[in-house]
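Reader: I have a new structure open and would like to learn how to read it, feature by feature. Could you take me through it slowly, giving the general idea before the particular case?

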Amino acid sequence: MPGKMNHRNEYQCTIEVNQTGKYCVRIRASFARKAWVLPVYFLASSFDRSMRKLEQVLQFLQQKEERLWFWGVEYSDDRNFSEELVREAGLRLDRRAEFPRRFANVALSPEKPVPAVLLAPVRRGLAHSIDTAGRVSPAGN
């Protein structure tokens, strides 16, 4: 049983500036207890807003793990229910197959609150990725 206690939920986070100037924050949540992945994203108007929203989203994902797993893996026939559940937190399901190579990572024990101190390195990492990547160029350029 000692191995079970080391399982942590892992959140890979990445940020991009889209063509309209919005910050697109993508999160790939890997939940340890049920061994499943939930890819979601949200848009924000500024970097600071995206970081505040990221903290709220991580809290939501940590608190609603069981409920999210139920529809994510054992969902009913109604696919709209799953969309509504993540929209509760201002999220959308991320249906893109590839995830960027550069991401910030947070690992947390299941159902524990997200300490703000853990988000400081994530914020720095995401800020750095915006600085080095710059804006995303429109398709075709």
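Reader: Which side chains along β5 point to one face, and which point to the other?

Author: In a regular strand the side chains alternate between the two faces of the sheet. In this model, which is a predicted one, β5 shows that alternation: Ala104, Val106 and Leu108 are directed to one face and are buried, whereas Asn105 and Ala107 are directed to the other face and are not buried.

Reader: Where does β5 stand in the sheet, and what is the order of the strands?

Author: Strands of a sheet pair through backbone hydrogen bonds, either parallel or antiparallel. Here the sheet is open and has five strands in the order β4-β3-β2-β1-β5, with antiparallel pairing. The edges are taken by β4 (92-93) and β5 (104-108), and each has a single partner strand, so one side of each is left without a neighbour in the sheet. Helix α2 (residues 47-63) packs on this sheet, where it touches β1 (9-17), β2 (23-31), β3 and β5, and its direction makes about 20° with that of β2.

Reader: How many bridges hold the individual pairs, and which residues stand opposite one another?

Author: Going through the pairs in turn, β1 and β5 are antiparallel and pair over five bridges, with tyrosine 11 standing opposite valine 106 in β5. Between β1 and β2, which also run antiparallel, there are eight bridges, and glutamate 10 stands opposite serine 30 in β2. Strand β3 (residues 36-44) pairs with β4 over two bridges, again in the antiparallel sense, and there tyrosine 41 stands opposite arginine 92 in β4.

Reader: What lies between β1 and β2, and how covered is β1?

Author: These two strands form a hairpin with five residues between them, and glycine 21, in the turn, has a positive phi of about 90°. As for its surroundings, β1 is mostly covered, since seven of its nine residues are buried.

Reader: Which residue has a positive phi although it is not a glycine?

Author: That residue is alanine 35, whose phi is about 55°. Alanine 35 is placed in the loop between β2 and β3, and because its relative accessibility is 69%, it counts as exposed.

Reader: How should I read a pair of aromatic rings?

Author: A pair of aromatic rings is described by the distance of the centres and the angle of the planes. The chain has four aromatic pairs. One of them is formed by tyrosine 23 and phenylalanine 47, which meet edge-to-face, with 6.3 Å from centre to centre and 65° between the planes. This pair links distant parts of the chain, for tyrosine 23 belongs to strand β2 and phenylalanine 47 to helix α2, and they are 24 residues apart. Both tyrosine 23 and phenylalanine 47 are buried. Elsewhere, Tyr11, Phe31 and Trp36 form one aromatic cluster.

Reader: What lies over the face of tyrosine 41?

Author: Arginine 96 does, at 5.2 Å from the centre of the ring.

Reader: Which residues of the largest nonpolar core touch the most other members, and which elements supply it?

Author: This core has 36 residues, and those touching the most other members are Tyr11, Ile27, Leu38, Leu54, Leu61, Leu91 and Leu126. At least two residues each come from β1, β2, β3, α2, α3 (65-74), α4 (79-87), β5 and α5 (116-133), and α2 gives the most, with seven residues. To follow one member, leucine 126 is in contact with Cys13, Thr14, Ile15, Phe47, Met51, Leu54 and Ala104, if its neighbours within four places in sequence are left aside.

Reader: Where is lysine 64 placed, and is it buried or exposed?

Author: Lysine 64 is in the loop between α2 and α3, and it counts as partly exposed because its relative accessibility is 27%. Its C-alpha atom is separated by 8.0 Å from that of glutamate 111, although these residues are 47 residues apart along the chain.

Reader: What pattern does the whole chain follow?

Author: The chain has five helices and five strands, and read along the sequence they follow the pattern α-β-β-β-α-α-α-β-β-α. Of its 141 residues, 39% count as buried. Among contacts with a separation of 6 or more, 62% are between residues 24 or more positions apart.

How values were computed. Residues numbered from 1 in each chain as written. Predicted model: local features only at pLDDT ≥ 70, side-chain atom pairs only at ≥ 80, totals over all residues. Heavy atoms only, no water. Pairing = 2+ DSSP bridges. Helix = DSSP H or I, 4+ residues; strand = E, 2+ residues; numbered from the N terminus. Contact = heavy atoms within 4.5 Å. Axes fitted to C-alpha atoms, helices over the stretch in contact; angles between N-to-C directions. Phe/Tyr/Trp six-rings, centres within 6.5 Å; stacked < 30°, edge-to-face > 60°. Buried < 20%, exposed > 50% of the residue type's maximum accessible area, 1.4 Å probe, protein only. Lys NZ or Arg CZ within 6 Å of the ring centre and 35° of its normal. Core = buried A, V, L, I, M, F, W, Y, C linked by side-chain atoms within 4.5 Å.
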